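User: Please examine the model below with me. I should like to understand how each description of it is justified.

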Amino acid sequence: MANNGNKNWTVVVLTCQHKDSVYAFQRELDLRQQRGGLPPGTLLLTVADPQARLGSGGATLNALLVAAEHLSARAGHTVVTADVLDDAHILILHTGRDFPWDSCGRAFCWLPVGGAQQAVESPVCCLDTLLDCLSHQVSPGSPPGVWVCSTDMILTLPSRQVMSWEGFSGVRVLALPGDVSYATNHGVYLSDGQGGVCDIIYRGSEEQIRQAILPDGKVPLVSGPVFLSRSVSEKLLQTHVTSPLDGCTYLGMDSGAPSLQISLFLDILMCLCSDVSETQFISEERPGSTSPTGPQGAAVRSARAVLWKTLRGTPLSMEYIADGTYDYMTLSGKEHISRLTRKGWQMETLSHIQKMDCVSADSRVINSVLEGNVTVSSGAVIQHCHLQGPVQVQSGSFLSGLEATSGSHLQQLLLSGDIIIQGHRVQLGELKLTVYTVLGAHDALEASYEESTFLNHNWTDLYKRTGIRPEEIWATSSESKTPRPLWDARLFPVFQPRDGAVGLEGVSWLMSGGPGTLEWWRGAWRLSLREVLSLTDQEGELCWREELFFRAARKRATDTLRGHSDHSLLPSIRAAVLGGQQGKLLSTLDSVAAGSSENLGVAARTLACIADVLGCMAGEGKGGLRSGPAANPAWAAAFSLLERPDLPAGIQALANQRSHWINRPDMLVRAARHYEGAGQVLLRQAVMSAQEFVSIGQGEMPPIGEWQEVECPARLDLSGGWSDTPPIAFERGGAVVNVAVKVDGRRPIGARARRIREPRLLLVTSSSGADCSVATETVCRTLQDLEDHCQPHAPGALLKAVCVCSGLVTFPSQQPLAEQLLQRWGGGLELHSWSLLPYGSGLGTSSILAGAVLAAVYRSTGRTYDTDSLIHAVLHLEQTLTTGGGWQDQVGGLVGGVKVARSRASLPLRVDVERLSLSQDFLSALQQRLILVYTGKTRLARNLLQDVVRSWYSRLPSIVTNTDQLVTNAEECALACTDGSLSRLGACLDCYWAQKKVMAPGCEPAAVRSMMNALRPLALGQSLAGAGGGGFLYLLTRDGQQEEAVRQVLGSTPGLGDFTVHSVELDMEGICVLQSARSPDQ
C-alpha cells in the first residue's frame, strides 16, 4: 500500500524529563490543536519521565504504557489491554535533555520561518517542523502502530516519501545521508544491502563508520524516526509487567521497582540487528548505553535478556532517504547561530522592528520588539527580547529573553561579536526571577577546563580581568583531576542577600570586569548554566514568549493599518482570541481608529478589523451570518457622532456600546455587523470626496411644464470589475474596461423631469418605459417626506436621494420644502424614472439610472454639467443612498462605446475615462458576436458586495493577489480591443469570470454553470455581467449571428429554467438627451 493523505493520529505523546514541564508543554500541545496544527480528535498527552535519566528506550516504554492506558479507559476497559492498539496510530515524541540555547528545550526552539498562509498566526518551532514532516511526508499510509522520534534535530525532506507498507511487519527506521567525518560523533546503520539492518554503530571510529558507506558515498545516519508495528508495540507493552523493565514505567516506580535506563536504539533496536549475537547484545559495552558491568550491570544484563527473548527475530528494515537532510542540534553556540542565520530563512519573524533600516538582512529577529536605534549586524540573532535603543548587536551574537527594563544595562555593554547573552526565567522555591548568563559562541560547554574557553578567550583572561579564582567557580581545586566543564562553572550571580535579584549588571561585570565589584560577585548566590537550566520555570518562560508574541502582534497591527500594508490581520486576530488577548487587541484597534481622522480609509479598515475580532470571539459558524442589518437604536448615538464627524468620540461611543454585546455569540455577531456599518459610514465620507470633481453650472431654466428627457444604454463589463469598488478603488487603484450597449435595439434606462407649479415633489418610478401606466408614485410635500432618502428600500428612495444630492432641495433645513422649491425654482418638480431591465440584471442599472435622473433634474432646473461630473455625482449619490458600489456602472452607461476607466490609489477618489479608438471592422465584428442571455436567476449583489469589502479589509492573500490581476487583465483587455483581437478579448473575458469567482465565491449558481458549460463550444469567452450570482450572461461567440444557435444549445440543456436570449447593439453615444417637449396640461 503506497502512502497517501495525511496521518490522522489517534494519540500524540510528548515526553519530558522534568515533571514541572508537564503542564506547560501540555498547554503548548493543546494550543497547536486549537490552531489546527493537530487533528481535533487526537488525544494529546504530555508524560514526564518517572525517573531522571530514563533513556530514550525507557521513556518510550513509559509513554506507550500511558497511551495504552488512556485508550483502554476511553474504550471502557478497567485494565490496560493491547486490543486498543489494533486501530491506533500513536506518535511518541521525546523532548530529550536540556538545551543551553533555549530554556524550553530543543522542541520549543523557535525558528525564523513563517507558517505558510496560516489560518491562525503562530510560531514555528522544531516540534512543529517535525510534526509536519512526520504527519505529511513520512507516516501517511503506514498501518496501525507506533512512531517514535526525538525532537533534538531538524529533518528536511524535499517531498512526501512513498514507502510500501504492503504486508509490513516488524520495525522500520528512517536514515538520512551524512558524511563519514560527521558520523563519528553520531550513529549509523549498517545495512545488509537488502534493506535490513545488520548493526548500529554509535560514535565509532572512521574505519567502523566506513563499513556503512552506501553507493552514493554517504552513510545512513541514525536520524530519529522509528516505526513499531502493532505486533511489536504489543510485545513492548507487555514488558511493563516484566522485571527489570517495569522500572522504566511510572507503574513500576509506584510499585517500588528500581529505575532503569535503556536506549531505544542501542538496547531495544540493537537486539533486532542481524549481525548481533545474544552474548554480544547482553554483555557488550557500547558508547551511549548503560554499562552492563557498572553499578546497574545486573539489571542492564537482565533487561537486555528480556528484550532479546521478547523481540529477537523481529525484522528491522531501513528506509534510506537520499535527498533528505538531518541537522542534530548540538551544544555548540556557534552552530546554533549559524543554523538560525542560514540562507532561505526570514530576517524578521513575528516581531516588531521600529527602525528596519538598522537591521541587517542577514541577521535574525525572532519574536521580539525592537524600539529606537537597535542596530543588528549581519549574522546576529535576537529572540524573545524587548529592547530599547540605542543598542548595537555585533555580528555572530545571540541575545535571548532580555526585557526592555534591562535596556539601560545593555546599552552600556560594549558588545563584541560572537557573544551570547540570555535571560532565563527560573523558580527557586517560591521565588521567581530572571537569571542572566553570558557565554562566547565558540565556548565548548562540555570540554574540560584546560580545553575550553569563556567568552571565546582563555580562562586566564577572566581571572586577570576580574580577580576570580578557579576554585570559586568549581567545587574542586585546580589540582583535582575531576573534569571542570563550563557547564558547571558557577559564574552567574543570581541573588544578593542585601540587594535582591541580580540583573544584567552581573553579565556586564563578567564581560568587562572592573575594580570594587569582585566582593559583590563573591557575596552573590551564583549558579552554573546547568543549574540554571534545571531550575527553569518553563511555564513562566512560555508565558513570557506568548506575552511578547501578542505585544509584537499588536504593534504590527498598528503598523499594518497606518502603513496601508496588504498584510492580513485575520491570522493574528484569531491567535489573539484563542490566547484570550482580545481585550488588549481591541484597545489597540480603538486607538488606531480614533487617531485616523486624517485618513478615513484607515479608520474604516480598522473598524472592519474590530468586527473580525468580534466575529472570532463569537466562534466559527456561531451567532449567525456576518452580513445583516446595522441600525439597532442602541448604536445610533455612536453612528451620529461618526456622521458629525467626530471620529474620536464616535470610536469611544462604539467601544462603550460594544461592552454590552460581548456575552453571547449572537450578540457578538450583531455587534460585528454594527462595526461594519460604522465602517461604511466612514467609507461613505471618504468616497464623498469625489464631489470635488462635480462641476455644475447655472443656465436658463426651461419653461414650467417642459419635459427634459434622457435615455441611457446598459453596460457590459469586459474586465476589471470589483477593482472600481471602494475602498479597493482608492486604496489599490482600479481599472475597468466596459462597453455601452442597447438591449434588443433599445436604450433600456431613462428619466425625465419637468418643473410644475405646485411646490411639491412628484416622484414616479416604472419598469416598462416612460409612458407605462403601471408605476409607483411618491409625493413629497414636506422635508419629513424626504427623511428616508438614505434608505435604499424606501419608496422612491433613489429619486429622493437625487433631489437631495443634486441641490434641488436642502436637507435637513429649517426652511420648509414648499418655500425652498418656490424660492429656488418657482415651483415643484415632477420626476420619472424607468428601466426595461429586470432587477439584479448585472447591467449596471441602478447607477446608470442615477446618472440619468441627475441629468434630467439638472436640465429641468437650468443647470449645466458634463459627463465627468455626472460620473462623480453618482458616486456621491450612492454613498448618500448607502448602497455603496463602484464607479464602473455609470461610466459604462453614461459614456458611449468601449472605454477603459481608471482610478488612482489615493483620495479624493477621481475617475479618469479613456474612450478606446477602435476600427470600424472590429466594432462590427464585436457587435455581431456579443449575445446576452438572461439566466432567470436573481442576483443578490448587496450581500456579495458586503462579502467582498469584508474580504478586502481583511486583506485575504487571495483577494489581494486577485485584485492586482483584475487590473492587469483590464489593461490587457484594452490592448486586445485596440489591437482588434477577438481571441485575446475572449481570453480576457474567461479570465475575468474566473477572477470574479475568486472575489465573490458563490456568484456562480449551478444552473449558470451548466449554461456556461453548454455554451463553451460556441464561445471565445463568456461571463456573468456585473457581480454575478444571476442576471445576464454575455458571451463572445466564435462566429457572428449566433443567437439561434445559442437558443438551440440552451433549449436542449436540461435544468436551466426560464432563460431568454437577447440581441446586443453597441451604443457609441452613451447618455442621450431627447428633444424637449411641453406637456399640454401645463
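User: What makes up residues 818-897, in terms of helix and strand?

Analyst: In this predicted model, the chain over residues 818-897 is 56% helix and 12% strand. The C-alpha atoms at its two ends lie 42 Å apart. According to the UniProt record, an unreviewed entry, these residues carry the annotation "domain: GHMP kinase N-terminal". Such an annotation may be inferred rather than shown by experiment.

User: Why is helix α15 called largely enclosed?

Analyst: A residue counts as buried when its relative accessible area is under 20%. Six of the eight residues of α15 (residues 505-512) meet that description, so the helix is largely enclosed by the rest of the structure. The buried residues are G506, V507, S508, W509, L510 and M511.

User: What covers the buried residues of α15?

Analyst: The cover includes the strands β21 (419-428), β22 (431-440) and β23 (492-496), together with the helices α13 (459-466) and α16 (518-522). Contact here means heavy atoms within 4.5 Å.

User: Which residue follows α15, and what is the sign of its phi?

Analyst: G513 follows α15, and its phi is positive, near 70°.

User: How do you know that the buried residues of α36 lie on the same side of the helix?

Analyst: In α36 (residues 1043-1051), the buried residues are E1043, V1046 and L1050. They span an arc of only 60° around the axis, and therefore sit on the same side of α36. In general, an α-helix has 3.6 residues a turn, so residues three or four places apart point the same way.

User: Which residues of α36 are exposed on the face turned away from its buried side, and what does the buried side pack against?

Analyst: The face turned away carries Q1048 and G1051. Exposed means over 50% relative accessible area, and both residues are classed as exposed. The buried residues of α36 pack against the helix α35 (1006-1015) and the strands β37 (930-934), β39 (1032-1037) and β40 (1060-1066).

User: How many residues of the whole chain count as buried, as a percentage?

Analyst: Of the 1082 residues, 59% count as buried. The chain exposes about 41700 Å², and carbon and sulfur atoms supply 49% of that area.

User: What share of the contacts join residues at least 24 apart?

Analyst: Among contacts between residues at least 6 apart in sequence, 69% join residues at least 24 apart. The chain contains 36 helices and 42 strands, and its C-alpha atoms fill a box of roughly 125 × 75 × 60 Å along the principal axes.

Notes
Residues numbered from 1 in each chain as written. Predicted model: local features only at pLDDT ≥ 70, side-chain atom pairs only at ≥ 80, totals over all residues. Heavy atoms only, no water. Helix = DSSP H or I, 4+ residues; strand = E, 2+ residues; numbered from the N terminus. Buried < 20%, exposed > 50% of the residue type's maximum accessible area, 1.4 Å probe, protein only. Areas by Shrake-Rupley, 256 points an atom, 1.4 Å probe, with all protein chains shown as cover. Arc of directions from axis to C-beta.
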